[in-house]
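Q: Please take a close look at one part of this protein for me. I would like to see how its sheet is put together and what holds on to what around it.

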Amino acid sequence: MCGVVACRPGARLGFPAPLRYDDGTSTSIVYQNRVILPVDFTLDQTDGSATLYADVLFGVCSDICVPAEASLSLSVPPQQDTLQHRMAITSARLAIPRPQGDQPPRISRVVAGPTDDAGERGLTIEVALAGGNLAVDLFAQGADGSYNEVPRLIERDGTRAVAHR
């Protein structure tokens, strides 16, 4: 999915890469404190104003994560952006995962493990890296309504990383 979701025809909502959160029982993916989700859309009106609506499902986490939901709206008048707004949105866009290309970092191999007693199969994912000590993490997205265990890094050297889920 590459961190982007379509909201309405022609609109796209971007999701920056999340962080891991381990509550001692399980690992979740989270945003801490504040997150900017950039939205690209074309206005139907010519005066530049817009009202954005969102129905959101999210978790509020401290020692545990508690599910929550909200219906939100925001009226945006024309020409109210500032350099500060543009810089924040640009930073958020740069944090959105990109589609995999031919150059590292990229997934180079996926191997399915044997089926366990519960009928589940683990995956080992190998990632080619450009080298150096840049931080690397891997998150898996499944079909709508599915749950995917967060892969964990099991091996890392200068040009490759191996994760398992």
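A: Start with the whole chain. Read along the sequence, its pattern is β-β-β-β-β-β-β-α-β-β-β-β. That is one helix and eleven strands. Keep in mind that this is a predicted model. The C-alpha trace spans about 60 × 35 × 30 Å along its principal axes. Of the 165 residues in the chain, 16% are buried. The accessible surface comes to about 12500 Å², and carbon and sulfur atoms own 54% of that surface. Now look at contacts with a separation of 6 or more: 47% of them join residues 24 or more positions apart.

Next, the sheet. Find the open sheet of four strands, in the order S8-S9-S11-S10. The pairing is antiparallel. Strands of a sheet pair through backbone hydrogen bonds, either parallel or antiparallel. Which strands stand at the edges? They are S8, residues 106-115, and S10, residues 152-156. Each has a single partner strand, so one side of each is left without a neighbour in the sheet. From one strand to the next, the twist averages 20 degrees.

Zoom in on the S10 edge. S10 and S11 run antiparallel, and four bridges join them. S11 covers residues 160-164. A hairpin of three residues connects S10 to S11. You can check the pairing residue by residue. Arg 156 sits opposite Ala 161 in S11. Arg 152 sits opposite His 164 in S11.

Now follow the charges here. Glu 126, Glu 155, Asp 157 and Arg 160 are linked in a network of salt bridges. Take Arg 160. One of its salt bridges is with Glu 155, where the closest N and O atoms are 2.6 Å apart. Arg 160 also meets the side chain of Glu 126 in a salt bridge, at 3.3 Å from N to O. This second pair links distant parts of the chain: Glu 126 is in strand S9, Arg 160 is in strand S11, and their positions lie 34 residues apart in the count.

How covered are these residues? Glu 126 has a relative accessible area of 19%. The cut-off for buried is under 20%, so Glu 126 counts as buried. Arg 160 is partly exposed, at 24% relative accessibility. Glu 155 is partly exposed too, at 38%.

Stay with S9 and S11, and turn to the nonpolar side chains. Which residues make up the largest nonpolar core? There are six: Ile 125, Val 127, Leu 129, Leu 138, Ala 161 and Ala 163. S9 and S11 each supply at least two residues of this core. Ala 161 has already come up, as the residue opposite Arg 156.

Pick out Val 127 and list what it touches. Leave aside residues up to four places away in sequence. Val 127 then touches Pro 105, Arg 106, Ile 107 and Ser 108. It also touches Thr 159, Arg 160 and Ala 161. Arg 160 is a name you know from the salt-bridge network.

Now leave the strands for the loop between S9 and S10. Ala 135 lies in this loop. Is Ala 135 buried or exposed? Its relative accessibility is 82%, so Ala 135 counts as exposed. Compare its position with Gly 122. The two residues are 13 apart in sequence, and their C-alpha atoms are 24 Å apart in space.

The loop also holds Asp 137. Asp 137 forms a salt bridge with Arg 20, with the closest N and O atoms 2.7 Å apart. Arg 20 belongs to strand S3, residues 19-22. The pair links distant parts of the chain, 117 residues apart. Both ends are partly exposed: Arg 20 has a relative accessible area of 31%, and Asp 137 is at 42%. In total, the count comes to five salt bridges.

Put the part back together. Four strands form an open sheet, with S8 and S10 at the edges. S10 pairs with S11 across a hairpin. Glu 126, Glu 155, Asp 157 and Arg 160 share a salt-bridge network. S9 and S11 both feed the largest nonpolar core. From the loop between S9 and S10, Asp 137 reaches Arg 20 in S3 through a salt bridge.

Methods. Residues are numbered from 1 along each chain as its sequence is written. This is a predicted model: local features need pLDDT of at least 70, side-chain atom pairs count only at pLDDT 80 or more; totals for chains, interfaces and linings use all residues. Side-chain values use heavy atoms; hydrogens and water are left out. Two strands pair if DSSP finds at least two bridges between them. Axes are lines fitted to C-alpha atoms, for helices over the stretch in contact, and angles run from 0 to 180 degrees between N-to-C directions. A salt bridge is a side-chain nitrogen of Lys or Arg within 4 Å of a carboxyl oxygen of Asp or Glu. Buried means under 20% relative accessible area, exposed over 50%, partly exposed in between (1.4 Å probe, protein chains only). A nonpolar core is a set of buried Ala, Val, Leu, Ile, Met, Phe, Trp, Tyr and Cys residues joined through side-chain atoms within 4.5 Å. Contact means heavy atoms within 4.5 Å. Accessible areas come from the Shrake-Rupley method with a 1.4 Å probe; for residues, only the protein chains shown count as cover.
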